[in-house]
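Student: I should like to learn how the features of a protein model are read. Could we work through one example together?

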Amino acid sequence: MKLTLKIWRQADTASDGAMHTYEVDEISEDMSFLEMLDVLNERLNSEGEEPIAFDSDCREGICGMCGLMINGEAHGPQVTTTCQLHMRSFSDGETITIEPWRADPFPVLKDLCVDRSAFDRMIQSGGYISVNTGAAPDAHATPVPKDNADRAFDVATCIGCGACVAACPNGSASLFLGAKITHLGELPQGQAERDSRVVNMVAQHDHEGFGGCTNIGECTAACPKEIPLDVISQLNKDLRHAIRRGY
Amino acid sequence: MRSTIALKLMMAVSGIIFIGFVLLHMYGNLKAFSGHDAYNDYAHHLRTFGEPMLPYGGLLWVIRVVLVLSLVVHVYAAVTLWRRAKRARTVKYVVKKNKHSTYASHLMRWGGVTLLLFIVWHLLNFTIGKVNVDGGPTNDPYNLLVDSFSVWWLTLIYLVAMAMLGAHLHHGIWSSMQTLGLTNSVRERALAKRIGLVLALIITIGFSLVPVFVLAGVIDK
């Protein structure tokens, strides 16, 4: 395959960036999107040009490290992570626009890499349960009803990649936040800190500068783990209950 | 209480108050199908409602105060959230697709501004200023209604405004239920969206009937 790539280049956070155009040839449709960028980077390296910086780690769709805005869609046209997106989803001769996640709480570090520490600080503000570590408890020590366990597990698949923020016209992290609130809120271990968790995490979300949710659903469509929109309803419900109980 | 979600809750609750009001307003409008006297009697009864416990026009003033407060809250929350959303992405995408969300959901902000302008005109037209674009008298509510909607361009303004209202409600109703935390499953979300669509259609069509039938000459003096 022969492709024209329009890629955002930016030296560092303080510098201004711009779109640069690159031509790549002999791309196999069995390559992943990141392998296609690897091919381009090898060429740039050999030509003495600075390779394009992008994030990746596991390359099997479970770590949440990679994430690119591809032709205006977070992680591209398929419901998966960028590393699991393959070039067969594109056609020969196509022009592909590649940009970093755009949100002020996710500053661009270099080229296509963004700093998602804002998510870490949100987790630190309440996305945990406080228990003393020790020997693993018996699996049947704390019974969890099947429905709650299933819902908790479904939303616990969130890998924190930030596609929800990238896709949201308001730059809101409500889907990420809702996934964490629902995950811990469905489980017995999450109950003790349930009210303080939602209040503190929402406060941190706002403090980081993410926008508000308008319930339009671009986030859930972009989510590689298909986190459903109802986690945002759950988030709102938990916050409403916490406010009523005086938190 | 200044969190984005608290602002959304204020937006949802004030919006639901507006929905209750427009349903009541629509019921009153449809009285036009019962003729001159029924319509004007209803307008009169709105003012004598609750007498002697309430003074003349007392109920209307209660409703007006609630509506103005709701409007202040709704607009304040909308403007604050709009500004926060703008600040959350100061560098725009070169290419951005929004293909999974409804057109109505993208009309909320500018559609809301349009509705606000319409409401100002509507109040000048029928309540505060009483403008008869036909040049006739303005002291008879039914006759003012018929005179107004006999003018095609005025009817057109109202029909466009009602389409905007319908779009606003189509997304706004289900969105308010989501904000209140009532849609915690696929089934509840589908139900909320259906309620939003059906109520939006009822309100848009219900309000459009009177102007259309006046213009068509079915409702006349």
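Tutor: We shall take a sheet, a single residue and the nonpolar cores in turn. Please bear in mind that this is a predicted model.

Student: In what order do the strands of the open sheet in chain A lie?

Tutor: Strands of a sheet pair through backbone hydrogen bonds, in either a parallel or an antiparallel sense. Here 5 strands of chain A form an open sheet in the order 2-1-5-3-4, with mixed pairing. Strand 2 (18-24) and strand 4 (73-74) of chain A are the edge strands, each pairing on one side only. Strand 3 (residues 69-70) and strand 5 (residues 95-99) of chain A are antiparallel and share 2 bridges; A:Met69 has A:Glu99 in strand 5 as its bridge partner.

Student: Is B:Gly112 buried or partly exposed?

Tutor: One counts the surrounding C-beta atoms. B:Gly112 has 18 others within 10 Å, and a residue is buried only from 20 upward, so B:Gly112 is partly exposed. This residue belongs to helix 5 (residues 108-126) of chain B. Beyond its neighbours within four places in sequence, B:Gly112 is in contact with B:Ala78 and B:His168.

Student: Why does the largest nonpolar core lie between two domains of chain A?

Tutor: The core has 73 residues, of which A:Cys164, A:Val165, A:Ala166, A:Leu175 and A:Ala222 touch the most other members. It lies between domain 1 (3-110) and domain 2 (116-244) of chain A because both give residues to it. Apart from this core lies another, of 26 residues, including B:Tyr39 and B:Ile219.

Technical notes:
Residues are numbered from 1 along each chain as its sequence is written. Chains are lettered from A and ligands numbered from 1 in the order in which they are written. This is a predicted model: local features need pLDDT of at least 70, side-chain atom pairs count only at pLDDT 80 or more; totals for chains, interfaces and linings use all residues. Two strands pair if DSSP finds at least two bridges between them. Helices (H or I, at least four residues) and strands (E, at least two) are DSSP runs, numbered from the N terminus. A residue is buried if 20 or more other C-beta atoms lie within 10 Å of its own, exposed if 12 or fewer, and partly exposed in between; C-beta atoms are placed from the backbone. Two residues are in contact if their C-beta atoms, placed from the backbone, lie within 7 Å. A nonpolar core is a set of buried Ala, Val, Leu, Ile, Met, Phe, Trp, Tyr and Cys residues joined through C-beta atoms within 7 Å. Domain bounds come from an automatic or database domain assignment.
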